[in-house]
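User: I have just opened this model and would like a guided tour. Please take me through it one question at a time.

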Amino acid sequence: MTHTYNVPDMSCGHCKMHIENAFKDWGKATKWTVDLATKKVTVDSDERGEAVARIIADVGYTPSLV
Ligand SMILES: [Cu+2]
């Protein structure tokens, strides 16, 4: 299942790397894309949307459903 979130408070390459690393460490997503231009994070995972959102929130950003 694909989950997409708006993350308006990510602003630079550091933010992108931070979130990408969080999903890498999580190990429950098969694919993730962090797009700074559109401020969207798209994640393929069988986990619930809340779990995906929590990964983003835990590294300091504010996800909201698209
Ligand atoms: Cu940043």
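User: Which residue takes a positive phi just after helix 1?
Analyst: This is a predicted model, in which local features need pLDDT of at least 70, side-chain atom pairs count only at pLDDT 80 or more, and totals for chains, interfaces and linings use all residues. Residues are numbered from 1 along each chain as its sequence is written. Helices (DSSP runs of H or I, at least four residues) and strands (runs of E, at least two) are numbered from the N terminus. Just after helix 1, the positive phi of about 80° belongs to Gly 27.

User: How far does helix 1 reach from its first C-alpha to its last?
Analyst: Helix 1 has 14 residues. The expected span of a helix is 1.5 Å times one less than its number of residues. That expectation is 20 Å for helix 1, and the reach in the model is close to it, at 20 Å.

User: What pattern does the chain follow, read along the sequence?
Analyst: There are two helices and four strands to place. Taken along the sequence, they follow the pattern β-α-β-β-α-β.

User: Which strands are the edge strands of the sheet?
Analyst: Strands count as paired if DSSP finds at least two bridges between them. The four strands make an open sheet with antiparallel pairing, in the order 2-3-1-4. An edge strand pairs on one side only, and here these are strand 2 and strand 4.

User: How many bridges join strand 2 to strand 3?
Analyst: Strand 2 and strand 3 run antiparallel. Ala 29 has Ser 45 as its bridge partner in strand 3, and Lys 31 stands opposite Asp 44. The number of bridges joining strand 2 to strand 3 is six.

User: Which residue of strand 4 stands opposite Tyr 5?
Analyst: Strand 1 covers residues 2–6 and is joined to strand 4 by two bridges, with the strands antiparallel. Strand 1 also pairs with strand 3, over five bridges, and there His 3 faces Val 43. On the strand 4 side, Tyr 5 stands opposite Leu 65.

User: Is Lys 39 buried or exposed, or something in between?
Analyst: Lys 39 is in the loop between strand 2 and strand 3. In this hairpin, which has four residues between the strands, Lys 39 takes a positive phi near 60°. A residue is buried if 20 or more other C-beta atoms (placed from the backbone) lie within 10 Å of its own, exposed if 12 or fewer, and partly exposed in between. Lys 39 has 16 such atoms within 10 Å, so it is partly exposed.

User: At about what angle does helix 2 run to strand 1?
Analyst: Axes are lines fitted to C-alpha atoms, for helices over the stretch in contact, and angles between N-to-C directions run from 0 to 180 degrees. Helix 1 lies across strand 2 and strand 3, at about 175° to strand 2. Helix 2 lies across strand 1 and strand 3, and its angle to strand 1 is about 45°.

User: Which element gives the most residues to the largest nonpolar core?
Analyst: A nonpolar core is a set of buried Ala, Val, Leu, Ile, Met, Phe, Trp, Tyr and Cys residues joined through C-beta atoms within 7 Å. The largest one has 13 residues, and those with the most contacts inside it include Tyr 5, Ile 19 and Ile 56. Helix 1, strand 3 and helix 2 are the elements that give two or more residues to this core. With four residues, the top contributor is helix 2.

User: How far apart are the C-alpha atoms of Thr 62 and Asp 46?
Analyst: Thr 62 is in the loop between helix 2 and strand 4. Residues in contact have C-beta atoms, placed from the backbone, within 7 Å, and Thr 62 touches Val 7, Pro 8, Asp 9 and Ala 57, leaving out residues up to four places away in sequence. Asp 46 is 16 residues from Thr 62 along the chain, and their C-alpha atoms are separated by 21 Å.

User: What is the radius of gyration of the chain?
Analyst: The C-alpha atoms fill a box of roughly 30 × 25 × 20 Å along the principal axes. The radius of gyration is taken over C-alpha atoms, and the globule rule is 2.2 Å times the number of residues to the power 0.38. With 66 residues, a compact globule would be near 11 Å; the chain agrees with this, at 10 Å.

Notes
Two residues are in contact if their C-beta atoms, placed from the backbone, lie within 7 Å.
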